[in-house]
Amino acid sequence: MSGMDLHQRFPALSDLRKQARRRLPPFVWEYLDSGTGSEATKGRNRAVLASIGFLPSILHGPQECDLSVDLLGKPCALPFGFAPIGMSGLVWPNAEARLAKCAAQEQIPYCLSTVASQSPEDLAPHLGENAWFQLYPPKDEGIRRDMLERARDAGFGTLILTVDVPVASRRERQTRSGLTQPPRLTPRLLAQVMRRPAWALGMAWHHRAEGGMPHMRTLDKYVSGPNNARSSTAHIGYLLRTSPNWNYVKWLRENWQGKLVIKGVMRPEDASRLQELGVDALWVSNHAGRQFDASPASIEMLPAIRKACALPLIFDSGAETGLDILRALALGADFVMLGRAPHFALAALGDQGLTHLCDILRKDLEANMGQLGLIKPTEIRKVEMRTLSLQPAANSLT
Ligand SMILES: Cc1cc2nc3c(=O)[nH]c(=O)nc-3n(C[C@H](O)[C@H](O)[C@H](O)COP(=O)(O)O)c2cc1C
């Protein structure tokens, strides 16, 4: 389909999301889309973003936008990138490589999860300048050192330590769908798969050597036993689900020479303490409302965290549009990451979906910056803001 046709058929992320839902087996959809508890935090993320308004500008004459920003010493062509998603490869075959290739082409960051279905080595040929590796902290120091080495050797220059998963969370919707961990094709799931032929054929082909289902390839090396990472969930949990502490961050700072970012920061006092430890940036996030259902919206915490430290701030959780990206920049973020959005795009249209999503966001940024008379996205910080009434956003995806 040509770019024009794509914009006609899928003008917004909400259209890609609808199409993704049609193409994914329900258990995969629930894995990607669900939050924890009653999903109040997930809803708050959207509602608060939608309440952030700006006074439009008039009579500023014609202007051309420049969407590029610098982050962690590197240029990015757009002010957003692709956040780490565990088992992206369950959402669409070869997802991690597709995401990495698109990010390299668009000159934006891609972050690979520790629990992705492809390893740092798998992705090495596809990485661009802005390749980030997200670490779920291994307990064992030998494994930790080895993982850092593998990430560095594969070409990942930035390490992201995720700290908002101190324990596993409950995702009730996901459980109801019948999804097991690791994913196993029970008769119930098989019945779901049979009704989604594009997904089923893609998985069967891409994972033909793994029994048709993806698994956490980075961990293969550390999991012993006949079926390694495919069946040893308890062991993977033991390996990775340690609750890191402040000393762990110190250790990482001393042992990782690249940029170090802490993901999942929501308290201003943590931000200033992390700055003292010498990290390079903070990632303000409530994990898309998947961990803790009494958390404030992640956008609500941005202003106080901005005040508490001078570090670059990355933001995520609930951003769906170019306007949302501007809202986060206005409240102190330097950059925005998107988790589910690129996965909706991939499931809807494959590789073409990813470039189309970037184009939708690019056009939406330009349209809204035009209304505000901005040339660079960060100029949004000078625009006068208004709190809009807390109505559900007309284009809300939730
Ligand atoms: C299905 C799913 C899996 C995720 N897996 C990880 C992960 O492995 N590591 C991590 O740091 N964050 C993970 N996250 C959180 C994302 O990196 C990101 O913080 C969040 O999705 C951003 O919100 P958004 O989806 O509204 O853009 C996951 C999120 C989703 C939806």
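Reader: Which residue has a polar backbone atom 2.9 Å from a nitrogen atom of the ligand?

Author: Happy to help, and please keep in mind that this is a predicted model. A polar contact asks for a pair of N or O atoms within 3.5 Å. The ligand nitrogen and its polar backbone partner are 2.9 Å apart, and that partner belongs to Gly86.

Reader: How much of the ligand's accessible area does the protein cover?

Author: On its own, the ligand has 600 Å² of accessible area. Once the protein is counted, the share that is covered comes to 98%.

Reader: Which residues have a backbone N or O atom 2.8 Å from an oxygen atom of the ligand?

Author: Let's take them in turn. One ligand oxygen contact, at 2.8 Å, is made by the backbone of Gly318. Another contact to a ligand oxygen atom, also listed at 2.8 Å, comes from the backbone of Gly339. The names you want are Gly318 and Gly339.

Reader: How many charged residues are in the shell around the ligand?

Author: The ligand is surrounded by 22 residues, and the closest are Pro84, Ser113, Thr162, Asp316 and Arg340. Sorting the shell by type gives 9 nonpolar and 9 polar residues. The charged group numbers 4.

Reader: Which helices are included in what covers the buried residues of α2?

Author: Helix α2 spans residues 13-23, and its buried residues are Leu13, Asp15, Leu16, Arg17, Gln19 and Ala20. Their cover includes elements from separate stretches of the chain: α1 (3-9), α3 (26-33), α17 (340-349) and α18 (351-372).

Reader: Why is Cys111 not in a disulfide, and how far away is the closest cysteine sulfur?

Author: A disulfide needs two cysteine sulfur atoms within 2.5 Å. Cys111 is buried, at 0% relative accessibility. Its sulfur cannot form the bond because the closest cysteine sulfur, in Cys76, is too far away, at 13 Å.

Reader: What is the distance from Cys358 to the nearest cysteine sulfur, and how many disulfides are there?

Author: Cys358 is also buried, with 0% relative accessibility. The nearest cysteine sulfur is that of Cys102, 4.3 Å away, and Cys358 is in no disulfide. With the cut-off at 2.5 Å, the disulfide count is 0.

Reader: Is Gln192 buried or exposed?

Author: Gln192 sits in helix α10, residues 187-194. Leaving aside residues up to four places away in sequence, Gln192 touches Pro25, Pro26, Phe27 and Ser177. Its relative accessible area is 8%, and the cut-off for this class is under 20%, so Gln192 counts as buried.

How values were computed. Residues numbered from 1 in each chain as written. Predicted model: local features only at pLDDT ≥ 70, side-chain atom pairs only at ≥ 80, totals over all residues. Heavy atoms only, no water. Near = heavy atom within 4 Å. Polar contact = N/O pair within 3.5 Å; in protein donor to acceptor, adjacent residues only side chain to side chain. Areas by Shrake-Rupley, 256 points an atom, 1.4 Å probe, with all protein chains shown as cover. Nonpolar A, V, L, I, M, F, W, Y, C, P; charged D, E, K, R; others polar. Buried < 20%, exposed > 50% of the residue type's maximum accessible area, 1.4 Å probe, protein only. Helix = DSSP H or I, 4+ residues; strand = E, 2+ residues; numbered from the N terminus. Contact = heavy atoms within 4.5 Å.
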